[in-house]
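Q: Could you walk me through this one? I'd like to start with the sheet and then go round the helices.

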Amino acid sequence: MNDGTKAPSGRTHRGAKILLIDDSPDHCSLIQTVLKESIPDAHLLIASTREQAVNQLKSCKEAKESLPRLILLDLYFPLRDDGWQVLQLLKESSSPYRLIPVTVLSYSNQAEDIQTSYDLGATSYIVKPGSFQQWLAYFQALRQYWWQTVSLPI
């Protein structure tokens, strides 16, 4: 039985990284709190600008450290087009980060936002929960799927 510390391939996930790209300090703080409770063995990297996100990824690569296992991208940071530009940058065919799953987080439930996010390469799209308990449930499901089920390439 899988206890959540190893992927099916046997690789450990202790200290695995999640990159959060969000310009709201309040959302970052909330996600950091929920993540510590739900996936305590993960290490959260936070970027509030496109440049910070790219620098976080480049520094992992240059230091020959593992890349994040997952990127959480706020769609409206601060504008919708900003989120889509980052998503396009991450998912373009020449990007060394194109295999990292990207979950788009947004308060928008508009079909256009959802469809465009998937068209640009998002792995999933989540309408931001409204309460702490909903955030907690989301991250517990995230742990079960990304830490206990999926084995991503190194």
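A: What follows goes through the sheet, its strands, the helices and one loop residue, and the model is a predicted one.

Q: In what order do the five strands of the sheet come, and is the pairing parallel or antiparallel?

A: The order across the open sheet is β2-β1-β3-β4-β5, and the pairing is parallel. The edges are formed by β2 (42–47) and β5 (124–127), each of which pairs on one side only. On average, neighbouring strands are turned by 20 degrees against each other, with direction ignored.

Q: What does β3 pair with, and over how many bridges?

A: On one side β3 pairs with β1 in the parallel sense over four bridges, and it pairs with β4, again in the parallel sense, over four bridges. To give particular positions, Leu70 of β3 is the bridge partner of Ile18, while Asp74 stands opposite Leu105 in β4.

Q: How many of the residues of β3 are buried?

A: Five of the five are buried, so β3 is largely enclosed by the rest of the structure. Both of its faces are covered, with Leu70, Leu72 and Asp74 buried on one side and Ile71 and Leu73 buried on the other.

Q: Going out to β5, how many bridges does it share with β4? And which helix packs on the sheet there?

A: β4 and β5 pair in the parallel sense over four bridges, and Ser106 stands opposite Val127 in β5. The helix is α4 (residues 111–119), which packs on the sheet and touches both β4 and β5, its direction making about 155 degrees with that of β5.

Q: OK, switching to α2. Which of its residues are buried?

A: The buried residues of α2 (residues 50–62) are Ala53, Val54, Leu57 and Cys60. They cover an arc of only 125 degrees around the axis, which puts them on the same side of the helix.

Q: What covers them, and what is on the face turned away?

A: The cover over the buried residues of α2 includes β1 (16–21), β2, β3 (70–74) and α3. The face turned away from the buried side carries the exposed residues Glu51 and Glu62.

Q: How far does α2 reach from end to end, and what follows it?

A: Its 13 residues reach 18 Å from the first C-alpha to the last, close to the 18 Å expected at 1.5 Å a residue. After the helix comes Lys64, whose phi is positive, near 60 degrees.

Q: And α3, what span should it have?

A: With 12 residues at 1.5 Å a residue α3 should span 16 Å, and its end C-alpha atoms are 17 Å apart, which agrees.

Q: Which residues of α3 are buried, and what do they pack against?

A: Gly83, Trp84, Val86, Leu87, Leu90 and Lys91 are the buried residues of α3. They cover an arc of only 160 degrees around the axis, which puts them on the same side of α3. Their packing partners are β1, α2, β3, β4 and α4.

Q: Last one: where is Ser95, and is it buried or exposed?

A: Ser95 is in the loop between α3 (80–91) and β4 (102–106), and it is buried, with a relative accessible area of 3%.

Q: What is Ser95 in contact with?

A: Leaving aside its neighbours within four places in sequence, Ser95 is in contact with Leu89 and Leu90. Within the loop, a polar atom of the Ser95 side chain lies 3.0 Å from the backbone nitrogen of Tyr97.

Conventions. Residues numbered from 1 in each chain as written. Predicted model: local features only at pLDDT ≥ 70, side-chain atom pairs only at ≥ 80, totals over all residues. Heavy atoms only, no water. Helix = DSSP H or I, 4+ residues; strand = E, 2+ residues; numbered from the N terminus. Buried < 20%, exposed > 50% of the residue type's maximum accessible area, 1.4 Å probe, protein only. Polar contact = N/O pair within 3.5 Å; in protein donor to acceptor, adjacent residues only side chain to side chain. Contact = heavy atoms within 4.5 Å. Pairing = 2+ DSSP bridges. Axes fitted to C-alpha atoms, helices over the stretch in contact; angles between N-to-C directions. Expected span 1.5 Å × (residues − 1). Arc of directions from axis to C-beta.
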